[in-house]
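User: I would like to go through some of the labels used for this structure. Please set each value against its definition.

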Amino acid sequence: MLSQQELKQQAADAALEIVEQVAGPDVIIGVGTGSTADLFIDGLARFKGRVRGAVASSERSAKRLQAHGLAVFDLNDVDHMPIYVDGADEIDGRLHMIKGGGGAQTREKIVASVADRFICIVDESKLVERLGAFPLPVEVIPMAVAAVSRTLARLGGRPAVRQGFTTDNGNVILDVSGLTIADAPALELEINNIPGVVTCGLFSRPGADLALLATQQGIRRLARP
Ligand code: 5RP
């Protein structure tokens, strides 16, 4: 029986096989944030000299990439990435995701938007029938926390300020439990339109292009329907 950590490693290794296919001297890889993304970063170290570098979705990932001697580029200097690789807190069969357990969803969504393909690396515990058991992280401008919380409560959510945490952008995370996520693209749009919300952790417009799901039986590949 493989541990969750071993499954995460398998998922990261499967994404590194895709890096093998796209690698080249001008290639820049989009890199996510979290414990699974960390394993991917550690494996990416062996591509030093075979890829140009990476764009990171957080300060934490940037530091880890640099510690391996990989070049980290500002997204403003990059106009193309073949792949963006990141974990998720939940993913469903349509490859819609909840992300932001690490509070990095804003930069994650921005970097992913520039890449040709979003490759999601998860262990099987992250696959769900319906999104929403994991509280939805919402990044909010500090002065708007109370106002946004009231609006989220009207949507049926129970927002809680993530204590002792500030995002890389200087903002607050509200973790919202109790939401019914029947239509993820509609809810993503609705929450992102609340004044004061920077980015909610729903990734469904679009979701991932490919999920590499590590199971006890090996890697399951789920492509976007
Ligand atoms: C960070 C994220 C992560 O991808 C998500 O929290 C999953 O993390 P882990 O790989 O540690 O389970 O969205 O903002």
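User: What makes α2 roughly parallel to α3?

Analyst: Helix α2 and helix α3 (residues 59–67) pack at an angle of about 25°, with their axes 9 Å apart. Angles under 35 degrees count as roughly parallel, over 145 as roughly antiparallel, 65 to 115 as roughly perpendicular and the rest as oblique. Therefore α2 is roughly parallel to α3. The axes are lines fitted to C-alpha atoms, for helices over the stretch in contact, with angles running from 0 to 180 degrees between N-to-C directions. Helices (H or I, at least four residues) and strands (E, at least two) are DSSP runs, numbered from the N terminus.

The model is predicted, and local features need pLDDT of at least 70, side-chain atom pairs pLDDT 80 or more, while totals for chains, interfaces and linings use all residues. Residues are numbered from 1 along each chain as its sequence is written, and side-chain values use heavy atoms, with hydrogens and water left out.

User: Why is α1 called oblique to α2?

Analyst: The axes of helix α1 (residues 4–22) and helix α2 (residues 35–44) cross at roughly 45° and come within 9 Å. That angle makes α1 oblique to α2.

User: Which hand do the crossings of α1 with α2 and of α2 with α3 have?

Analyst: α1 passes α2 in a right-handed crossing, and α2 passes α3 in a right-handed crossing too. A crossing is right-handed if the near helix is turned clockwise from the far one by less than a right angle, and left-handed if anticlockwise.

User: Which polar contacts does the ligand make with T36, K126 and T33?

Analyst: A polar contact is a pair of N or O atoms within 3.5 Å. An oxygen atom of the ligand is 2.5 Å from an N or O atom in the side chain of T36. For the side chain of K126, the distance from a ligand oxygen to an N or O atom is 2.7 Å. At T33 the partner is a polar backbone atom, 3.1 Å from a ligand oxygen. Taken alone the ligand exposes 380 Å², and the protein buries 91% of that (Shrake-Rupley method, 1.4 Å probe).

User: How do you know that R205 and P206 are joined by a cis peptide bond, and where is P206 found?

Analyst: Omega is about 0° for the cis peptide bond between R205 and P206. P206 is in the loop between β11 (202–203) and β12 (210–215).

User: What is the phi of L95, and where does L95 lie?

Analyst: L95 is not a glycine, yet its phi is positive, about 70°. L95 lies in the loop between β4 (90–91) and β5 (97–98).

Technical notes: A polar contact is a pair of N or O atoms within 3.5 Å; within protein, one must be able to donate a hydrogen and the other to accept it, and residues adjacent in sequence count only if both atoms are side-chain atoms.
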